[in-house]
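Take a walk through this protein with its ligand in view. Begin at the ligand, then move out to the strands and the unusual backbone spots.

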Amino acid sequence: MRLHLTNSGAITLIAPSHFKQFDILIDEQCDTLLDAAIARVGQRLDEEHVWVNPQIIRFLSGKAGEPEWETGFEAMVGFARKFNWVNDDGLIRAHMVRNENAAASSVDDFKAAMRMLPAGVSAITTGDITNPGGMVVSSLTAISAEPPLVGFFLHRDSSMLAPLKTHGKFVANVLGHTHHDVVAKFLKEPQGCPRFTNGQWDAGLDGLPILVGALANVECDIIHTTTLGTHEMVVGKIRKTTTDDSGSPMVNFNAGIRGLTQ
Ligand SMILES: Cc1cc2nc3c(=O)[nH]c(=O)nc-3n(C[C@H](O)[C@H](O)[C@H](O)COP(=O)(O)O)c2cc1C
């Protein structure tokens, strides 16, 4: 198995059932990010090695508790112990391997490709109608039906991050092609009430701002967030949905917002 400290902020475990190898793959990243990532998995021993907390491995494996995986993991730790690669606190020594295959496309190439991805547009709202927060996203996506989960990605500098963290819930209001006025206010006005002066807003669960006439209102509790590169992934468990399929959607495509032509 191989712990991967990515330069997107995510920490993953590659091949968790391969017990004959244990090391850490390090994407190219600045020292501050690397030190923070190492602190999340254990502690640095020297320039080449890290003491890794086995509980982190158990968590990331997604297999802790499965008898076959437990047996293999115990054998791996036992093998490491023989070579003094396990310290008095039970941390396991791992060698750091620099990732030579971390080539990434340029920002311009990324943007050019993503402009070609047609995506629905939603107004994410939080708080309540006396103290609302809102932003426009095209990154809303279905995640799971059982349990019902949706997610979206917001920039870490977005003025919406603090309100979402405060309230811990949101509504994804899926916009129709008639909602240009709502989008215009959300993009132009400062965070809070001024963004909500176009469109008709009602109170949903816990007073959450619901856009009347949206194609769908999806009311959620935030159950998970994680930092990925410049963005925060926000996952919501759906508590309630309302749907109106009489309208046609607003679509973001090639740096413009348009309707859907049949
Ligand atoms: C069509 C469209 C889709 C957008 N999608 C996203 C998105 O998915 N995530 C995001 O962080 N910002 C997205 N933005 C930008 C935000 O709506 C917003 O302008 C930006 O986060 C700055 O917001 P702030 O002034 O509240 O900080 C989108 C903007 C438009 C016009």
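Start with Ser159: one of its polar side-chain atoms lies 2.3 Å from an oxygen atom of the ligand. The protein buries 70% of the 630 Å² that the ligand exposes when taken alone. This is a predicted model, and every distance here comes from its coordinates.

Two further polar contacts are worth finding. The side chain of Ser139 has an N or O atom 2.6 Å from an oxygen atom of the ligand. Val136 takes part through its backbone instead: a polar backbone atom there is 2.7 Å from a ligand oxygen. Look for a side-chain atom at Ser139, but for a backbone atom at Val136.

Now widen the view. Where does the ligand sit? It sits in the largest pocket. Two elements each give two or more residues to the shell around it: strand 9, residues 131-137, and strand 11, residues 149-155. The shell holds 16 residues, and those that come nearest are Val136, Ser139, Phe153, His155 and Ser159. By class, seven residues of the shell are nonpolar, eight are polar and one is charged.

Follow strand 11 away from the ligand. Its partner is strand 10, residues 141-144. The two run antiparallel and are joined by three bridges. One pair to locate is Ser144, which stands opposite Leu149 of strand 11. Strands 10 and 11 form a hairpin, with four residues making the connection.

That connection has a backbone feature of its own. Which peptide bond is cis? The bond between Glu146 and Pro147 is cis, with omega about 0 degrees. Pro147 is placed in the loop between strand 10 and strand 11. As background, most peptide bonds are trans.

Next, turn to a separate feature, an open sheet. It has three strands in the order 7-17-18, with antiparallel pairing. Strand 7 (119-120) and strand 18 (256-259) are the edge strands, and each pairs on one side only. In general, strands of a sheet pair through backbone hydrogen bonds.

Trace the sheet from one edge to the other. Strand 7 is joined to strand 17 by two bridges, and the two run antiparallel. Gly120 stands opposite Val251 of strand 17. Strand 17 covers residues 250-253 and is joined to strand 18 by four bridges, again in antiparallel fashion. Two pairs help you check the register. Met250 stands opposite Gly259 of strand 18. Asn252 has Ile257 of strand 18 as its bridge partner.

How many residues lie between strand 17 and strand 18 in their hairpin? Two residues lie between them. Asn254 is in this turn and has a positive phi of about 50 degrees. Most residues other than glycine have a negative phi.

Another residue with a positive phi is Ala15. Its phi is near 50 degrees, and the residue is not a glycine. Ala15 lies in the loop between strand 2 (11-14) and strand 3 (23-26).

To finish, return to the ligand and retrace the route. The ligand sits in the largest pocket. Strand 9 and strand 11 each give two or more residues to its shell. From strand 11, the hairpin leads through four residues to strand 10, and Pro147 is in the loop between them.

How values were computed:
Residues are numbered from 1 along each chain as its sequence is written. This is a predicted model: local features need pLDDT of at least 70, side-chain atom pairs count only at pLDDT 80 or more; totals for chains, interfaces and linings use all residues. Side-chain values use heavy atoms; hydrogens and water are left out. A residue is near a molecule or strand if one of its heavy atoms lies within 4 Å of it. A polar contact is a pair of N or O atoms within 3.5 Å; within protein, one must be able to donate a hydrogen and the other to accept it, and residues adjacent in sequence count only if both atoms are side-chain atoms. Accessible areas come from the Shrake-Rupley method with a 1.4 Å probe; for residues, only the protein chains shown count as cover. On a 1 Å grid over the protein atoms alone, a cavity is a set of points where a 1.4 Å probe fits but cannot get out, and a pocket is an open set with protein on both sides within 12 Å along at least five of seven lines; lining residues have an atom within 4 Å of a point. A molecule sits in a cavity or pocket if more than half of its atoms lie within 2 Å of its grid points. Ala, Val, Leu, Ile, Met, Phe, Trp, Tyr, Cys and Pro count as nonpolar, Asp, Glu, Lys and Arg as charged, and the others, Gly among them, as polar. Two strands pair if DSSP finds at least two bridges between them.
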